[in-house]
Each structure stands twice: as C-alpha cells, then as structure tokens.
Amino acid sequence: MAEKRSRTSRLAERARELAPVWTLLALIVFFGVYSESFFTLENFGNILNQVALLAIMGTGITFVLLTAQIDLSVSYMATLAGVVAAYATAGHLPQPWPIVVALLVASFLGWISGAATAYLGIPSFMSTLAMSLIASGLSLYLTRGRILFDLPPLSKTLGSGRIFGVKWLVIVAALTLLVGHLVLRYTRFGRYVYMTGANPKAAELAGVNTRRVVAWVMVIAAFTAGLAGVVGIGRLGSATPTAFDGMLIDAIGAVVLGGTSLFGGVGGIPQTVVGLLILGVLRNGLDQVSVNIYAKTLITGIILFAALVFNILFAGKKES
Amino acid sequence: MEPLLRLTQVKKRFGGIEALKGIDFEVFAGEVHALVGENGAGKSTMMKILAGVIPDYEGEMAYRGRPLRLKNPKEALDLGIAMIHQELSVMPELSVAENIFLGRQPTRGRVVDWRRMFAEARRILEALGYPHVEVERPLGDYPLGVHQLAEIARAVTSGAELIIMDEPTSALSPMETERLLELVRRLASQGKAIVYISHFLEEVTAVADRITVLRDGRKVATLRAGETDKSELVRLMLGKEARFFERAELVARAREGRPVLELSALTRPRAFEGIDLALYPGEIVGLYGLIGSGHFELAETVFGLARPAAGQIRVAGKPLRGGPRQAIREGIAYVPPSRRTGLFLEKPVYQNVSLPWLDRLFGPARELAAAREVTQEVGLRPPDPARNVGAFSGGNQQKVAIARWLIEPPKVFLASEPTRGMDVGAKDEVLSILRRMADAGTAVLLVSSEPETILAAADRILVMAKGRIVAEYTSGEVTKEMLVHAAAGELRKSA
C-alpha cells in the first residue's frame with residue numbers, strides 16, 4: 001500500500017518534472033500547425049541563433065539558482081564586458097587581451113557581489129541589484145554614452161561568423177552549456193552547488209564550505225554574462241552602454257521556464273536547455289503566426305508568470 | 001507490636017505482565033515507611049492496592065490485625081486509609097477551611113456552621129505546624145505547598161490513620177519541601193502511619209524510618225533509613241548488569257591513556273561557561289540537561305558551528321579552531337538534534353551519506369557502494385540507498401544521519417538527541433550502533449534531554465544546567481530521578 005502510494009507519487013513527480021518538455025512539444029506542434037514557415041530547418045537555425053546569447057548567460061544563472069540565490073546583474077555585466085572589450089581594443093591593447101580583461105572585470109565584480117552575499121549576508125537580489133548599477137555606471141562612464149565600433153576580431157568571428165555553415169555563436173552557446181553541465185554533474189563542486197541549494201545548513205554540517213560555493217557561483221554567473229557580452233558585441237557589430245540591458249528577464253525566465261527550482265537544489269542545464277527552447281520557440285512562433293506585435297511581450301509575460309506559479313507549486317508539493 | 005497494615009505475598013498481573021510478583025510489606029503506626037524504585041518497579045500498583053483502587057489481586061492484606069479486602073477507595077477512606085495523589089483534588093476558589101472540610105462541613109441545623117468550621121480548621125493547621133495560614137482566604141491565594149497541606153489536613157480530619165503520599169514534593173520549592181517533610185515527621189509523631197513514595201532519595205533518607213526498595217515487581221530489601229545511604233539504595237534499585245561491568249572495565253582501561261577530546265574552560269556567552277571535559281577513546285559519555293541548559297550548544301561548538309568566546313578545544317592534543325570542515329578532518333563527527341537541519345530530504349541516501357567524503361569518494365557508483373555498506377551496518381529499512389531520504393520513516397532518517405559517519409570511523413562522535421522521536425526498537429538499534437562505535441575506539445558524546453537514552457547507553461554521565469556541568473555520575477549508580485533532580489535542582493537554586 002505504502003509502496004504503491006510512493007510509486008504513484010514518484011510518477012506524479014516525474015510528470016511534473018517533465019512538464020516543461022510537454023510545454024515545449026505543445027508549442028512546437030501548435031506553431032507547426034498554424035504557421036507554414038515554422039517547420040523549416042532554416043527557422044530552427046534562427047531559433048537557436050536567437051537564444052544563443054541567452055544560453056551563455058543562462059548557464060551561469062542556472063548555477064546561481066541551484067544554490068537558491070539570484071543574480072540580477074547579469075545583463076548589465078554583459079553590457080559592461082562588451083564595453084570593456086571594445087574600449088580596450090580602441091585603446092590598442094593587443095589582442096586577445098581586451099577579451100581577457102573584459103572577462104576578468106566581469107568575474108571580479110561577480111566575486112564582489114558574491115562575497116557580499118556569502119560572507120556579509122547581504123541577500124543576493126540586493127547585492128546584485130547594486131552591482132548592476134555599478135556595472136551599468138561603468139559602461140556609461142567608459143563610453144560617455146557613445147557607441148564603440150572598434151571590436152576585438154575574435155568577438156566579430158564568434159558573434160557573427162560561421163564554420164561549416166554553423167554559426168559560431170551557436171557553437172559557443174552549446175559549449176558553454178556543455179561545460180556547465182559537466183561541472184554540475186560530474187565534479188565535486190557541482191555536487192556542492194546542488195547540496196548547498198537543497199539545504200545550506202545540512203551542507204555546512206557535512207563540511208561543505210557553503211559560503212565559498214555561493215561566492216563561486218556568483219563569479220560563474222558574472223563570467224558567463226561577460227562571455228555573452230563579449231560575443232554579443234560581435235553579433236551586434238558595436239558596443240553600446242545599454243546593449244544587453246533587456247536580456248535580464250529573458251535569461252532568468254528561460255532558466256525558470258525549464259524547471260530549475262527557485263528554492264535551490266533541483267534542476268540543471270538540461271532543464272535550462274528546455275527553458276531556452278520554450279522561450280525561443282515562443283518568440284519565434286509568435287512572429288510566424290503574425291500575432292499583434294504589441295501583444296508579444298504580454299503573451300511571453302503571461303507564460304513566464306504561469307511557469308513561476310508552477311515552479312512554486314512544484315516546490316511546495318515536495319516540501320509536504 | 002502489631003503492624004497497622006500488612007501485605008503478604010501480594011501479586012498482581014495486568015494481562016501478560018506481572019506488575020507485582022509477591023510483595024511482603026508492613027507499616028506501623030507512628031512510622032514513615034518510604035517506598036522507592038525505578039519507574040515500573042511496581043510502586044504505583046502497590047499503592048493502588050493499599051488505597052483500594054485495585055480490588056482484584058492475589059495475596060493477603062491485613063489491617064489492624066484483621067484480614068481485609070478493599071473493594072473501592074471509599075471503603076479504604078472509611079477505614080482510615082487516605083491517599084494523597086500527585087494531582088491534588090483541591091478547589092482553589094474555595095477557602096482553605098472549605099477545602100479541608102470538603103463534603104463534611106460542620107453544620108448547625110441545615111446551614112454550614114462557618115464559625116466552627118474556621119475554628120476547627122485553624123486548630124488543625126496549628127497542630128500541623130502551619131499557624132499562619134488564614135483559613136478564610138481562598139486556597140488559590142497560597143502556593144502549592146499549602147494546597148498539599150489542605151489535602152493532608154482533610155485526610156487527618158476525616159480520621160485517617162494510614163496516609164499514602166505519592167511524590168508529594170515533585171512540584172514544591174525547596175523551602176516548601178522542607179516544611180512538608182517536617183509535617184510528615186509531625187504526623188508520624190502523632191501516631192499516624194505514613195507510606196511515602198518519592199523519587200528523591202535525599203528526601204527519603206531524611207524523612208523515613210524504614211525504606212522498602214522495589215525492583216521489577218519484587219521487594220528487594222527493607223532497610224532502616226539510618227543504616228543505609230543513597231548509593232546503596234540506587235544499587236538496589238538498579239540491580240547489577242553484566243554488560244555494565246564489562247564496559248566499565250573497558251572504559252577504565254581506556255582512561256589510563258590520553259584523552260581524545262579535551263575542552264578547557266570553554267565558554268560561549270548565553271550558552272555555556274567554563275566547561276572542562278575530557279573524553280577518552282572507547283567510552284560513551286552522556287551529556288544530560290534540560291532543554292536550554294547549553295548541552296546541545298556545547299556539541300555544536302565543538303564541531304565548529306559556532307566560535308567559543310574563550311577556552312580551548314583539543315583533539316588528540318591538537319587545538320581545533322576552524323569550522324566543521326576542519327573538525328571532520330580531525331576526526332570529529334556530529335549529528336544535530338533535528339533531522340531536518342542535518343539531512344537533505346529531497347536527495348537520495350547515498351548523496352546524504354557521501355557528502356563529507358567527496359574528496360576521496362566521488363562518482364555515483366562508488367558512492368552507492370559505500371552507502372550500501374554503511375546503511376546495512378545501521379540496519380536501514382528499506383535498504384535502498386538510491387531512494388530519497390524524505391521517503392524513509394523518521395527513525396530510518398536518523399540512521400542515515402549516523403551512517404554517514406561510519407564511512408570513516410571518527411575519533412569523537414558528538415550525537416545530539418540521536419534517538420529523538422523513535423520507537424523503542426529503533427532506539428535500541430541506534431544505541432547499539434553507538435556502542436559498537438565505542439567498542440571500536442570512538443569516543444562518543446551522547447547529548448540528550450531524554451534521561452532514558454542517556455541511562456541506556458552512557459558509561460559516564462555529566463549533567464548540565466544553566467550552561468555549566470553540575471554533576472558527574474558513573475553509570476549504574478544513578479537513576480533517572482537523580483539526573484532530572486540534578487538538572488532541575490540547579491535551576492531551582494538559581495531561580
């Protein structure tokens with residue numbers, strides 16, 4: 001009897017876990033039926049291209065959410081990294097140093113907000129919110145509001161080049177996700193990330209340095225955000241002081257849509273991939289079926305909100 | 001001289017359990033006869049037979065030399081046998097005098113004769129040594145000691161010759177206790193016979209003329225109070241156990257070596273102060289205290305979860321200053337008092353077990369194998385290390401919390417409330433795991449607020465109260481009551 005109950009509850013849990021996958025399939029079928037141009041290889045390439053930057057950023061966010069923290073500074077960190085890379089290039093810093101410096105700056109700022117959260121106890125939403133202002137301010141300060149067109153050649157290649165017909169951007173995104181997945185799944189650090197998120201107190205009791213884990217995931221999030229920025233300017237063809245500011249909600253939203261718990265400990269890169277695809281298909285599909293362009297954001301918002309409700313209900317179920 | 005009351009070979013069984021296995025007992029007029037024994041020794045069954053609460057038993061009872069079979073408490077009362085229960089049957093709203101004469105108020109015609117009642121009550125209380133109690137005032141105005149007094153006075157005025165008192169001092173302050181003991185002596189000197197039941201052996205040896213010790217439903221001995229002492233009483237109450245002597249020998253040998261954990265003057269404000277403690281390999285030391293006495297905080301601090309304000313922690317001579325990670329590396333293991341804080345309920349058993357050891361044990365296959373081994377050792381049911389911890393019963397969750405530390409046997413095992421909320425069988429299993437660890441050389445600090453747990457497993461017992469160690473006992477010379485008394489006594493004194 002008890003055995004049976006636990007099996008049905010396991011099935012129910014499994015169904016809940018797979019809900020994002022069903023959502024994705026439903027969206028694909030829906031748009032496939034209602035749009036002639038949706039089901040083409042070219043369009044799938046478009047979708048991947050559209051979510052590639054989000055994927056790079058989302059990899060780091062996945063780490064952060066798994067420890068039950070949040071990073072609200074990622075989009076501004078991407079902007080800043082892009083600006084720094086362009087600024088250093090304009091200043092004739094030899095390549096590829098502008099990119100290295102850009103990534104280091106982003107990582108360092110991530111470490112600052114991570115340490116503030118881990119060692120001083122400032123809630124991460126607050127420390128990263130403040131950090132987003134710093135990053136955004138630095139971008140403005142460096143550019144004086146102008147648009148920078150001197151980009152590192154590597155950024156241009158990765159942002160808009162192709163190899164064997166595949167966009168470098170998509171390859172970078174796939175590699176970032178892959179590395180993230182390997183770290184989370186097959187390293188001790190990855191396990192510490194999950195356990196810290198699942199129950200920080202218990203992790204501490206088992207000798208896990210949870211503060212260091214939290215500080216490090218914030219560094220990782222800042223690094224992947226910086227990477228998105230460095231590649232992103234190549235795709236845009238320029239670095240502006242507000243280039244990626246709009247990406248914040250999409251990046252966090254994609255991770256949550258995939259089913260990674262906001263309360264930590266549950267989820268991962270496969271979930272994030274599904275979430276990215278849901279967001280990509282949705283955006284792309286809405287264009288294809290020619291909905292009122294002004295309703296697009298509204299519909300995306302409603303779906304994201306529904307995903308949030310689901311995320312919370314899911315977590316609540318498991319508590320009881 | 002003939003005893004006022006005599007029991008001969010009294011037996012009583014409840015279903016399959018023999019609560020009394022043939023008790024002989026006598027009490028004389030003018031005597032205080034104390035009855036001691038551990039919980040379940042048969043004290044209350046015997047008492048209930050004396051007071052007529054239990055009418056069906058084997059054996060003989062004789063009162064004033066004549067055989068007697070009580071059918072109910074009322075009959076006992078009519079014959080002059082009164083019982084003062086632990087829960088008093090007084091009415092705090094009524095006056096002291098009314099409580100004394102409850103149901104038997106003196107009357108003039110059909111109305112209560114208040115004047116006479118107050119005068120009588122005053123006279124009785126004076127005779128009992130309490131001339132200052134105002135009998136007109138509501139009983140509720142007075143402390144518990146006076147409530148008890150009223151109940152005793154009621155028994156006396158109703159003509160009781162034999163008064164049975166069940167734990168009369170358990171709720172009294174030390175001062176009230178002293179006055180009550182005086183009262184008991186006074187009643188005896190007035191020719192009453194008193195059967196006095198108490199857990200507090202100091203009181204018993206102070207107030208009684210004779211003491212009868214019960215164990216497992218048998219009378220072990222009846223001793224003159226002046227010719228015995230507390231430790232003999234405890235030994236008689238507990239009996240001897242072979243297991244205890246074996247371990248005692250082992251522990252004695254261990255103590256000749258060096259301590260594995262030493263605390264000196266360890267202090268954490270608002271938790272504990274000036275703790276000195278040495279733990280030797282192979283011994284199980286019980287750290288008992290009421291909740292809030294600082295014993296859980298002490299274990300927590302030794303594990304590095306909080307920093308002491310002063311003092312030192314040494315493991316095998318080496319000072320310990322870091323957090324849990326260093327503590328684990330130095331061979332300290334810790335189980336927190338609450339399962340929720342210590343376990344990942346939504347993660348599989350093997351991940352819970354392997355987490356402290358990932359630097360040498362990583363990869364699902366290896367972790368599963370190691371977890372299977374240690375969970376077998378603790379008897380996890382069902383024995384499935386891939387299942388989420390949250391899917392196990394509470395007792396089995398606790399086993400997971402302990403199993404983690406069997407991967408690499410620790411030098412020191414700090415187990416806070418390891419049997420909390422477990423059924424008897426699971427408790428025994430957990431305690432025998434601790435014993436096996438101790439046999440293998442681990443020094444176990446068993447931290448608990450359950451005296452039964454401590455008594456069942458500890459070789460040596462320390463009692464903490466208000467952040468200090470207030471008493472130390474060797475197992476086998478201490479009862480639950482003494483532990484509770486030591487832990488609470490300190491509170492009383494400082495309150």
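This is a short walk through a predicted model, from chain B to its contact with chain A and on to one helix of chain A.

Let's begin with chain B as a whole. Its C-alpha trace spans about 95 × 50 × 45 Å along the principal axes, and the chain holds 18 helices and 22 strands. Of its 495 residues, 53% count as buried. Among the contacts in chain B with a separation of 6 or more, 66% join residues 24 or more positions apart.

Turning to the surface, chain B exposes about 21,500 Å², and carbon and sulfur atoms supply 50% of that area. Chain B also carries 67 positive and 64 negative charges, and the mean positions of these two sets are 2 Å apart.

Now follow chain B to where it meets chain A. The size of an interface is often given as the accessible area lost when the parts come together. Here the area buried between chain B and chain A is about 2,100 Å², with carbon and sulfur atoms giving 56% of it. If you look for the residues to highlight on the chain B side, try B:Phe344, B:Glu346 and B:Phe362: they supply 25% of the area that chain B buries against chain A, more than any other three residues. In total, the contact takes 27 residues from chain B and 23 residues from chain A.

Finally, step into chain A and find helix α6, residues 153–160. The buried residues of this helix are A:Ser155, A:Leu158 and A:Gly159. Seen down the axis of α6(A), they fall within an arc of 95°, so they line one face of the helix. An α-helix has 3.6 residues a turn, so residues three or four places apart point the same way. The partners of the buried residues of α6(A) are three helices of chain A against which they pack: α4 (97–120), α7 (168–186) and α10 (210–236).

Methods:
Residues numbered from 1 in each chain as written. Chains lettered and ligands numbered in written order. Predicted model: local features only at pLDDT ≥ 70, side-chain atom pairs only at ≥ 80, totals over all residues. Heavy atoms only, no water. Buried < 20%, exposed > 50% of the residue type's maximum accessible area, 1.4 Å probe, protein only. Helix = DSSP H or I, 4+ residues; strand = E, 2+ residues; numbered from the N terminus. Arc of directions from axis to C-beta. Contact = heavy atoms within 4.5 Å. Areas by Shrake-Rupley, 256 points an atom, 1.4 Å probe, with all protein chains shown as cover. Lys, Arg positive; Asp, Glu negative; His and termini not counted. Charge placed at Lys NZ, Arg CZ, Asp CG, Glu CD. Buried area = accessible area lost by both parts, 1.4 Å probe.
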